[in-house]
Amino acid sequence: MDERILRLQEEIKKELSDAKDLASIDQLRVSYLGKKGSITSLLKGMKTLAAEQRKAFGADVNKLKDSAAKMIEERAAELKKKQIELEISAMPRFDISSPVSGDAGSYHPITLVQRQCEVIFRSMGFTVEDYPEVVTDYECFESVNIPKHHPARDMQDTYYLENGQLLKSQTSAAQNAILRKYGPALKEKGVPIKAIFPGRCFRNEATDACHENTFFQMEGMMVDKNISISNLIYFMKTMLSEVFRKDIKVRLRPGFFPFVEPGFELDISCLICGGEGCPSCKHSGWLELCPCGMIHPNVLREGGIDPDEYTGFAFGLGLTRLAMMKYGVKDIRDLNSGSLRSLSQFTDDE
């Protein structure tokens, strides 16, 4: 083996042994394996060798290169392990058997409202379902009567992934799965479909006092024979009265949503300003809380339910806005701020 190769091999071993930190390892990596490194220079100097020497010399240099890379990697792993061990040993010791002292923390206001709604709906016979945040275009749009190029998609500009999936812009993305999950029991045993499915949603939009690009909803639906708008009003009034522990003034406005027909906007009188007008309600005195309506026949049909035999209602409750109303939060951005000073004031018994 060429003397230069042997000399470099010994130098690398010694310098790696003397290296005391990861920064030194990176310097050695560049010094030997970089574009202007010592080993790279050997390869570039092969042109000065005779043709019969180049093959053997090149093979020896490549062996050195592989060996050096392996030694550098092993030494880096060794130093990293030592660094972690030092950090662990420097950490304060805790006696896990000692009792907890001080404040134990608190739940986020949206979590509190969501759990309260879940208890209320369970008491009315609804099941609570979970659903992924990453969904397909079919789940989020096409299965709920929003085909490609439908103008309703302009209002739900969301975030798409490279594989074609997207972050769900509405909890309605779970409707098709719920219909197919409980449809057989409805048709074979006459058991109504009654389910809610809370979750986080995402929309690419500008933020202000009442709009966020990340927010929480709770979708709900009921399907059976002879379900009407009166059933929808009853369940929503019951839920809101339980949440706010008093009779709540609401109004229904006609609204267009592709997955319901007829469709409504359920508004609640703004509890922050008492209906007088503030930034949270856009100075109207009302806060849009719950798009709702009778499930569109196309949505039922897509979920394997015969719309000529069954009807149902669906609603999309804004948990974020409900939390704002319940706790008097004036700016929706506070809820995602991570400010413990703002969020730690809420408790379960409020």
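What follows is a short conversation about side-chain contacts in this predicted model.

Reader: Let's start with charges. What makes arginine 75 and glutamate 78 a salt bridge?

Author: Their side chains meet at 3.0 Å, N to O. The cut-off is within 4 Å for a side-chain nitrogen of Lys or Arg and a carboxyl oxygen of Asp or Glu, so the pair qualifies. By this rule the count comes to twelve salt bridges.

Reader: Where do arginine 75 and glutamate 78 lie?

Author: Both are in helix 4 (residues 51-90), three residues apart, which is about one turn of the helix. Arg75 and Glu78 also belong to a network of salt bridges with Lys82.

Reader: Why is arginine 75 called buried or exposed?

Author: Arginine 75 has 12% relative accessibility. Buried means under 20%, so arginine 75 counts as buried. Its partner glutamate 78, at 37%, falls between the limits of 20% and 50% and is therefore partly exposed.

Reader: How do you know that glutamate 309 and lysine 225 form a salt bridge?

Author: Their closest N and O atoms are 3.5 Å apart, and the limit is within 4 Å, so this is a salt bridge too. The pair links distant parts of the chain, 84 residues apart. Glutamate 309 sits in the loop between helix 9 (297-302) and strand 9 (311-318), while lysine 225 sits in the loop between strand 5 (214-224) and helix 8 (229-244). Glutamate 309, at 38% relative accessibility, is partly exposed, and lysine 225, at 45%, is partly exposed.

Reader: On to the rings, then. Why is the pair of phenylalanine 121 and phenylalanine 315 called stacked?

Author: The centres are 5.6 Å apart, with 20° between the planes. Centres within 6.5 Å make a pair, and planes under 30 degrees apart count as stacked, so both conditions are met. Phenylalanine 121 lies in helix 5 (residues 109-123) and phenylalanine 315 in strand 9, so the pair ties together parts that are 194 residues apart in sequence. Phenylalanine 121 is buried, at 0% relative accessibility, and phenylalanine 315 is buried, at 1%.

Reader: What makes the pair of tyrosine 234 and phenylalanine 235 stacked or edge-to-face?

Author: Here the ring centres are 5.3 Å apart and the planes stand at 70°. An angle over 60 degrees counts as edge-to-face, so that is the name this pair gets. Tyrosine 234 has a relative accessible area of 52%, which is over 50%, so this residue is exposed. Phenylalanine 235, at 8%, is buried.

Reader: Which residues form the aromatic cluster?

Author: Phe121, Phe126, Tyr234, Phe235, Phe313 and Phe315 form one cluster. Both pairs we discussed have their rings in that cluster. By the pairing rule, the count comes to six aromatic pairs.

Reader: How do you know that arginine 115 lies over the face of tyrosine 107?

Author: Arginine 115 is at 4.3 Å from the ring centre. The distance limit is within 6 Å, so that part of the test is passed. Lysine 326 lies over the face of tyrosine 327, at 5.7 Å from the ring centre.

Reader: One last stop, at the surface. Which residues form the nonpolar patch?

Author: Ile84, Ile88 and Met91 do, with about 300 Å² of accessible area together. Methionine 91 is found in the loop between helix 4 and helix 5.

Terms used: Residues numbered from 1 in each chain as written. Predicted model: local features only at pLDDT ≥ 70, side-chain atom pairs only at ≥ 80, totals over all residues. Heavy atoms only, no water. Helix = DSSP H or I, 4+ residues; strand = E, 2+ residues; numbered from the N terminus. Buried < 20%, exposed > 50% of the residue type's maximum accessible area, 1.4 Å probe, protein only. Lys NZ or Arg CZ within 6 Å of the ring centre and 35° of its normal. Patch = residues over 30% accessible without salt bridge, like charges linked within 9 Å, V, L, I, M, F, W, Y side chains within 5 Å. Areas by Shrake-Rupley, 256 points an atom, 1.4 Å probe, with all protein chains shown as cover.
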